[in-house]
Amino acid sequence: GKVGRARTPAGLLLILGIHHAMALSLVIPVNVFYPQHRGIHEMVFLLQGAAAVAMFAQNYGYTLDIQTRRGLRAMKANVLVVWAVILWSRVLRFAWVFSVILREIVEDGNLALSAVGAAVVLAMSYVNYIFFADATKKMLKFGRMRPPSPDSPDAKRRLSEAAALAQGAFGATRTSATLQRWASGEEGPAAAAQKLGEEKKER
């Protein structure tokens with residue numbers, strides 16, 4: 001029904017189908033016939049490692065405030081690292097490692113496994129293309145972003161909110177240089193809070 005299609009869209013089912021087809025049709029047979037092959041070990045590490053980096057980066061990105069200079073710089077570095085990892089592990093090195101594996105399977109005369117492996121690799125290449133295209137899209141999206149200017153409505157709103165919080169905790173005013181750096185994102189909250197506390201003691 002509609003609920004099921006919304007929870008499991010066709011695109012997701014396609015990716016999962018290709019992923020499991022690779023595991024069942026290539027990875028398991030190759031582990032049986034070529035358990036000591038270094039290419040197999042590297043291939044698994046590349047795919048699993050890229051997934052681990054992407055998942056960590058995604059969750060880290062949720063903690064960033066891209067409306068500040070500090071947060072936007074961190075996000076740009078975050079998506080750039082993911083893009084580079086996927087480019088290497090799922091595009092460049094992926095193609096080389098699988099070409100070596102399939103060539104050796106053909107040389108051993110295992111034509112059935114080589115035929116199935118070639119089909120699965122082509123399907124997996126499509127999945128890798130989707131991941132790489134998504135990483136490229138995010139890199140370009142955040143790479144073009146610029147932090148809001150101090151005179152923008154968002155920056156003024158953040159300054160007002162920070163001023164209200166800091167005034168109650170530290171007795172700081174809107175003209176405080178530390179408070180303005182905090183609101184603009186140039187000063188981290190922990191460092192700003194420490195400086196405001198020191199300023200309060202001096203007063």
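Which residues does Ile105 touch, not counting residues up to four places away in sequence? The views below take up that question along with a few others, all on a predicted model.

**View 1. The whole chain is built from helices.** Let's start with the overall picture before zooming in. The protein chain holds eight helices and zero strands, so its pattern, read along the sequence, is simply α-α-α-α-α-α-α-α. Of its 203 residues, 32% count as buried. Among contacts between residues at least 6 apart in sequence, 66% join residues at least 24 apart. The accessible surface comes to about 12700 Å², and carbon and sulfur atoms account for 65% of that area.

**View 2. The largest nonpolar core draws on several helices.** This core has 21 residues, and those touching the most other members are Met22, Val30, Met43, Phe98, Ile101, Ile105 and Met124. Helix 2 (10-33), helix 3 (38-61), helix 4 (69-107) and helix 5 (111-143) each supply at least two of the core residues. Helix 4 gives the largest share, with six residues. As general background, nonpolar side chains tend to be buried together in soluble globular proteins.

**View 3. Ile105 and its contacts.** Here is the answer to the opening question: leaving aside residues up to four places away in sequence, Ile105 touches Val30, Tyr34, Asn110, Leu113 and Ser114. Val30 is a partner worth finding in the view, as both Ile105 and Val30 are among the core residues that touch the most other members.

**View 4. Ser114, a buried serine in helix 5.** Is Ser114 buried or exposed? Its relative accessible area is 10%, and because buried means under 20%, Ser114 counts as buried. Ser114 sits in helix 5. Not counting residues up to four places away in sequence, its contacts are Leu102, Ile105 and Val106.

**View 5. The largest pocket and its lining.** This pocket has a volume of about 880 Å³. Its lining is made up of 31 residues, of which Ala50, Ala51, Ala54, Met55 and Phe131 lie nearest the centre. The elements giving two or more residues to the lining are helix 2, helix 3, helix 4 and helix 5.

**View 6. What the pocket lining is made of.** Which element gives the largest share of the lining? That is helix 3, with eleven residues. Sorted by class, the lining has 23 nonpolar residues, five polar ones and three charged ones.

Technical notes:
Residues are numbered from 1 along each chain as its sequence is written. This is a predicted model: local features need pLDDT of at least 70, side-chain atom pairs count only at pLDDT 80 or more; totals for chains, interfaces and linings use all residues. Side-chain values use heavy atoms; hydrogens and water are left out. A nonpolar core is a set of buried Ala, Val, Leu, Ile, Met, Phe, Trp, Tyr and Cys residues joined through side-chain atoms within 4.5 Å. Buried means under 20% relative accessible area, exposed over 50%, partly exposed in between (1.4 Å probe, protein chains only). Helices (H or I, at least four residues) and strands (E, at least two) are DSSP runs, numbered from the N terminus. Contact means heavy atoms within 4.5 Å. On a 1 Å grid over the protein atoms alone, a cavity is a set of points where a 1.4 Å probe fits but cannot get out, and a pocket is an open set with protein on both sides within 12 Å along at least five of seven lines; lining residues have an atom within 4 Å of a point. Grid points are joined across faces, edges and corners, and a volume is the space filled by probe spheres set on the points. Ala, Val, Leu, Ile, Met, Phe, Trp, Tyr, Cys and Pro count as nonpolar, Asp, Glu, Lys and Arg as charged, and the others, Gly among them, as polar. Accessible areas come from the Shrake-Rupley method with a 1.4 Å probe; for residues, only the protein chains shown count as cover.
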